[in-house]
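Hi everyone, thanks for making room for me today. I'd like to walk you through one model, so have a look at the screen.

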Amino acid sequence: MANMKNAKKKIKVIAKETKNNNDYTASMKTACKNVEKAVAAKDKDKAADNLKVAIKRIDKAKTVGAIKGNTAARNKSRLTKKVNAME
């Protein structure tokens, strides 16, 4: 356990950042799952709407620093391919 004032503060700051990053990551993953569920149900309109939401959440997670840029691009690309491949 830290016993200096600045070390104690740093522990609090790291815990707060981790919590925020987890919130953005969880939100992003949920949005991605919603797109995949709509694709599995073959509902093109719902999948397209959910894709817009997922892309916003992925971009926000990237901006905040919860995920890296390449990960964001890969996730958006995969979801977009799935939605576009629907008939």
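Before anything else, a word we'll need: a residue counts as buried when its relative accessible area is under 20%, and as exposed when that area is over 50%, with partly exposed in between. Also keep in mind that this is a predicted model.

Let's try that word out on Asn 50, which sits in helix α2. Is Asn 50 buried or exposed? Its relative accessible area is 18%, and the cut-off is under 20%, so Asn 50 counts as buried. As for what Asn 50 touches, leaving aside residues up to four places away in sequence, we find Asn 34, Val 35 and Ala 38.

Okay, now the whole of α2. Does the length make sense? With 21 residues at 1.5 Å each, α2 should span 30 Å, and its end C-alpha atoms are indeed 30 Å apart. The buried residues here are Ala 47, Asn 50, Leu 51, Ala 54, Ile 58 and Ala 61. Looking down the axis of α2, you'd see these buried residues fall within an arc of 120°, so they line one face of the helix. If that spacing looks odd to you, remember that an α-helix has 3.6 residues a turn, so residues three or four places apart point the same way. Flip to the other side of α2 and you get exposed residues: Asp 45, Lys 52, Lys 56 and Thr 63.

And what do the buried residues of α2 pack against? They pack against α1 and α3.

So, on to α3. This helix covers residues 69-84, and its 16 residues should span 22 Å, which agrees with the 22 Å between its end C-alpha atoms. Its buried residues are Ala 72, Asn 75, Leu 79 and Val 83. Those cover an arc of only 70° around the axis, which puts them on the same side of α3. The face turned away from that buried side carries Asn 70, Arg 78, Lys 81 and Asn 84, which are exposed. The buried residues of α3, for their part, pack against α1 and α2.

How do α2 and α3 sit relative to each other? Their axes come within 10 Å and cross at roughly 175°. That makes α2 roughly antiparallel to α3. Among the residues that meet there are Leu 51, Ala 54 and Ile 58 from α2, and Ala 72, Leu 79 and Val 83 from α3.

Let's move over to α1, which runs over residues 5-40 and contains Thr 25. Thr 25 is buried, at a relative accessible area of 17%. Its side chain reaches the backbone oxygen of Asn 21 at 2.8 Å. Asn 21 is in α1 as well, but it is partly exposed, with 24% relative accessible area. Setting aside residues up to four places away in sequence, Asn 21 touches Val 64, Gly 65 and Ala 66. Look at Ile 67, too: it is 46 residues from Asn 21 along the chain, yet their C-alpha atoms are separated by 8.4 Å.

Last stop, two backbone spots. Gly 65, just after α2, takes a positive phi of about 100°. Lys 42, in the loop between α1 and α2, has a phi near 60°, a positive value in a residue other than glycine. Lys 42 is also exposed, with a relative accessible area of 73%.

That's my tour, and I'm happy to rotate the model if you'd like another look.

Terms used: Residues numbered from 1 in each chain as written. Predicted model: local features only at pLDDT ≥ 70, side-chain atom pairs only at ≥ 80, totals over all residues. Heavy atoms only, no water. Helix = DSSP H or I, 4+ residues; strand = E, 2+ residues; numbered from the N terminus. Buried < 20%, exposed > 50% of the residue type's maximum accessible area, 1.4 Å probe, protein only. Polar contact = N/O pair within 3.5 Å; in protein donor to acceptor, adjacent residues only side chain to side chain. Contact = heavy atoms within 4.5 Å. Expected span 1.5 Å × (residues − 1). Arc of directions from axis to C-beta. Axes fitted to C-alpha atoms, helices over the stretch in contact; angles between N-to-C directions. Parallel < 35°, antiparallel > 145°, perpendicular 65-115°, else oblique.
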